Amino acid sequence: MSNERKFSPETEAQFQKLLTRYPTRLAALIPTLWLGQEEFGHLDRTALAYVAERLELPMSQVVNTCTFYTMFTPVARGKFHIELCTNVACWLRGCREIQQVVEDELGLKHKQTSADGMFTYEEVECLAACDKAPMCQVNGADTYNLTPESFRELIRGLKSKG
Ligand code: FES
């Protein structure tokens, strides 16, 4: 294997376990992409080539699968990955005002990362919490019933952790 990427021993153990749980290597592709993203931070072409090698799959198949799902990223994200739902329930309940707070507090628009690497902001489709709209996720953790004030407080709290 000539790829410069390599799973850590812990990730390699998880990968080997995955291979026993799926009937084919193709079936293990998405969970292996997750492992790769966790291990390498993002899935650039080198990381995708490593996944393809390990699963003995064509690179085209790995790239096609990876680029279909928005939860996989080809570029490094900030320390805090903010995903704001802008789908219909969140839109009707005021996510536009939340977007304005992102612009005011962070100066970011959709898919931008702050220069200091602290924040990446993305607008996403429904995150299945419509009854608690508007909502967002930060590094995968949900926050519900946002108001401009509560979201501003959330952002300022994250800034203080920088
Ligand atoms: S529309 Fe925002 S969580 Fe469903």
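Okay, let's start with a definition: I'll say two residues are in contact if their C-beta atoms, placed from the backbone, lie within 7 Å. What we have up here is a predicted model. Taking the contacts in the protein chain with a separation of 6 or more, 59% are between residues 24 or more positions apart.

Now the layout. The chain has 7 helices and 5 strands, and if you read along the sequence the pattern goes α-α-α-α-β-α-α-β-β-β-β-α. The C-alpha trace spans about 50 × 35 × 25 Å along its principal axes. There are 162 residues, and 25% of them count as buried.

I'd like to spend most of my time on helix H6, residues 95-106. First, a check on its length. H6 has 12 residues, so at 1.5 Å a residue it should span 16 Å, and the C-alpha atoms at its ends are indeed 16 Å apart.

Which residues of H6 are buried? They are Cys95, Ile98, Gln99, Val101, Val102 and Leu106. Looking down the helix axis, those buried residues fall within an arc of 155°, so they line one face of H6. Over on the other side, Gln100, Glu103 and Asp104 are exposed. And what does the buried set pack against? That would be strand S1 (80-85), helix H5 (88-92), strand S3 (119-124) and helix H7 (148-160).

Let me zoom in on one of those residues, Ile98. Why does Ile98 count as buried? Because it has 26 C-beta neighbours inside 10 Å, and the cut-off for buried is 20 or more. Leaving out residues up to four places away in sequence, Ile98 touches Leu84, Pro134, Leu146, Pro148 and Phe151. For contrast, take Pro31: it sits 67 residues from Ile98 in sequence, and their C-alpha atoms are 32 Å apart in space.

Two of those Ile98 partners, Pro148 and Phe151, also turn up where H6 meets H7. On the H6 side you've got Glu97, Ile98, Val101, Glu105 and Leu106, and on the H7 side Pro148, Phe151, Arg152 and Ile155. The two axes come within 9 Å and cross at roughly 35°, and the crossing is right-handed. Just after H6 comes Gly107, with a positive phi near 65°.

There's another helix pair to look at, H2 (residues 29-40) and H3 (residues 45-55). Their axes are 10 Å apart and they pack at an angle of about 135°, so H2 and H3 are oblique to each other. This crossing is right-handed. H2 brings Leu29, Thr32, Leu33, Gly36 and Phe40 to the contact, and H3 brings Ala47, Tyr50, Val51, Arg54 and Leu55.

Last stop, the loops. Remember Pro134, one of the residues Ile98 touches? Pro134 is in the loop between S3 and strand S4 (136-138), and the peptide bond joining Ala133 to Pro134 is cis, with omega about -5°. Ala128 is in that S3 to S4 loop too. It isn't a glycine, yet its phi is positive, about 65°. Ala128 counts as exposed because it has 10 C-beta neighbours inside 10 Å.

Then there's Asn139, in the loop between S4 and strand S5 (141-143). Asn139 is another residue other than glycine with a positive phi, here near 50°. Asn139 has 12 C-beta neighbours inside 10 Å, so it counts as exposed, the cut-off being 12 or fewer.

That's my tour, thanks.

How values were computed: Residues are numbered from 1 along each chain as its sequence is written. This is a predicted model: local features need pLDDT of at least 70, side-chain atom pairs count only at pLDDT 80 or more; totals for chains, interfaces and linings use all residues. Helices (H or I, at least four residues) and strands (E, at least two) are DSSP runs, numbered from the N terminus. The expected span of a helix is 1.5 Å times one less than its number of residues. The arc is that of the directions from the helix axis to the C-beta atoms. Axes are lines fitted to C-alpha atoms, for helices over the stretch in contact, and angles run from 0 to 180 degrees between N-to-C directions. Angles under 35 degrees count as roughly parallel, over 145 as roughly antiparallel, 65 to 115 as roughly perpendicular and the rest as oblique. A crossing is left-handed if the near helix is turned anticlockwise from the far one by less than a right angle, and right-handed if clockwise.
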